[in-house]
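Student: I would like a close look at a single part of this chain, and then an account of how the rest is arranged. Could you take me through it slowly?

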Amino acid sequence: MPTSRRTFAAVAVAALVLPLSACGSGGDDSGSSDASGKIEGDITFQTWNLKANFKPYFDGLVADFEKKYPGTHVKWIDQPAEGYADKISADAAGGTLPDVVNVSPDLVAPLAKAGLALDLDKAAAKYKKEYLAGAWASHQIPGMTGTYAFPWYLNTGPLFYNKSLFRKAGLDPAQPPKTYADLFADSLQMAKKSDGKVATLANVPTIEDFGRYGVELMDKQGAAFTFNDAKGVELLTKYKELYDAKALDPQALTATPESSGKKFLTEAVAMNPGSALDLGNFKKQAPNLYKNIGITDQITSTGHVNMYVMGVMVNSKTKHTPAAVAFAHFVTDAEHQMSFAKKVAIFPSTAGSLDDPYFTKEDGTDETRVRIAAAKSLKNAVNYTPVLFSDQMKTALRNEVAKALQGKESPKKALDNAVKQCNTLLQQQG
């Protein structure tokens, strides 16, 4: 569930320009940023494709809130994944945006710019310390001050690696690469020792890779992308070197998660991101690979891995600000996030929750192995993907990266072109 919803969240939502006059529920500007009043009134809570699998959980959550705060009533509505961004945009423009809304950072950006997302740094600052710093910061918008949604659940993934292939290449399987410098060195050695038969990676660099490499992706004002700087060019130049040495799988240019997973399964690739579900598949389909599986953190040269984050936003035009803020906090507090995390493979964004034995204590199962590895890396993770980076921009970057790897353009020219295209798209967002 998290992967498919995360993928959907990457849709070009930020490109939807909302009219600045758009109103929230109630159809007028009667909203208030003061959340200190009495918690009462009727509010609407909208989730994103969660009803089918988690109806009992959310029914219980709503009932508990209404019991805690007599005089409140929460109407829960759930929207399908398909068309969610369009639905939010239409509601925002039509003045029918729910009081509390399940969002991702790219969905928040246009709403915040249109003045429809409540600034929690002003309205709910007392709760900030309850959340991981990186998670709280994930719903901040470049060029704006404030935080525009409570962080809800997080996701990340460790890397799997094939210890047997590392051993055959003369690499220490107990010391997998941690930084990009390690990765590049190990990858070239792997390709050389296998005469180009074994690649280390099956994926081209994405915006998250540039972030984890330490590239400044965007200026502080959120006015322009900047990943074509010297460090960005350095990263792409290194990937070109890998591609030429067959240390990067030749099909990486058109790879999908499924195709790169198959390459790892057949031991043609030495490292690949994955989940507990993949481990179960390896156990059945490739017992020899399963026997030699290593689990390590994502490659990063900044000391911080990438996180994906979902949030809960409060409509700034709600007529019941105290109740809406209280409910958004209730959904995302430590107790309820922990409860939700035990029902689905996600991670809480609340400080201290990742120290729970559920995320730290081995029990011999594959699912727990992966959960512990991911939880450990999340404590200081950041959301590298800029909230203004749309799906069209990802495609532009991928196309230019492919040209550089194939030698059709220099890495510098390719990134200059990608940044130019992305900045044009950014200007179109308004």
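Tutor: Thr 424 lies in helix H19, which covers residues 411-429, and in this predicted model Thr 424 has a relative accessible area of 40%. Because that value falls between the limits of 20% for buried and 50% for exposed, Thr 424 is described as partly exposed. Along the chain Thr 424 is 200 residues apart from Ala 224, and yet the C-alpha atoms of these two residues are separated by 9.2 Å. You can set beside this another pair, Ser 339 and Ala 112, which are 227 residues apart along the chain and have their C-alpha atoms separated by 29 Å. Ser 339 has its place in helix H15, residues 334-341, and with a relative accessible area of 30% Ser 339 is partly exposed too.

The pair formed by Thr 424 and Ala 224 leads on to the chain as a whole, where residues 24 or more positions apart account for 77% of the contacts that have a separation of 6 or more. The chain has 19 helices and nine strands. Its radius of gyration is 22 Å, close to the 22 Å that the globule rule gives for 430 residues, so the chain is as compact as a globular protein of that length. Taken along the principal axes, the C-alpha atoms fill a box of roughly 70 × 50 × 35 Å, and buried residues make up 53% of the 430 residues. The accessible surface comes to about 18,100 Å², with 52% of it belonging to carbon and sulfur atoms. As for charge, there are 48 positive and 46 negative side chains, and the centres of these two sets lie 5 Å apart.

Two other helices show how length and burial can be read together. Helix H17 runs over residues 366-378, and because each residue should add 1.5 Å, its 13 residues should span 18 Å, which agrees with the 19 Å between its end C-alpha atoms. H17 is mostly covered, since ten of its 13 residues are buried, among them Val 370, Arg 371, Ile 372 and Leu 378. Helix H8, residues 180-193, has 14 residues and reaches 20 Å from its first C-alpha to its last, close to the 20 Å expected at 1.5 Å a residue. The buried residues of H8 include Tyr 180, Leu 183, Phe 184 and Met 190, and the buried residues of this helix pack against helix H7 (163-168), helix H9 (207-213), H10 and S6.

Finally, consider the backbone angle phi. Most residues other than glycine have a negative phi. Just after H8, however, Asp 195 takes a positive phi of about 55°. Lys 246, found in the loop between helix H10 (230-244) and helix H11 (257-265), has a positive phi of about 65° although it is not a glycine. Glu 267, in the loop between H11 and strand S6 (271-273), likewise has a positive phi of about 65° without being a glycine. With a relative accessible area of 23%, Glu 267 is partly exposed, as is Thr 424 at 40%, the residue with which we began.

Notes: Residues are numbered from 1 along each chain as its sequence is written. This is a predicted model: local features need pLDDT of at least 70, side-chain atom pairs count only at pLDDT 80 or more; totals for chains, interfaces and linings use all residues. Side-chain values use heavy atoms; hydrogens and water are left out. Helices (H or I, at least four residues) and strands (E, at least two) are DSSP runs, numbered from the N terminus. The expected span of a helix is 1.5 Å times one less than its number of residues. Buried means under 20% relative accessible area, exposed over 50%, partly exposed in between (1.4 Å probe, protein chains only). The radius of gyration is taken over C-alpha atoms; the globule rule is 2.2 Å times the number of residues to the power 0.38. Contact means heavy atoms within 4.5 Å. Accessible areas come from the Shrake-Rupley method with a 1.4 Å probe; for residues, only the protein chains shown count as cover. Lys and Arg count as positive and Asp and Glu as negative; His and the chain ends are not counted. The place of a charge is taken as NZ of Lys, CZ of Arg, CG of Asp or CD of Glu.
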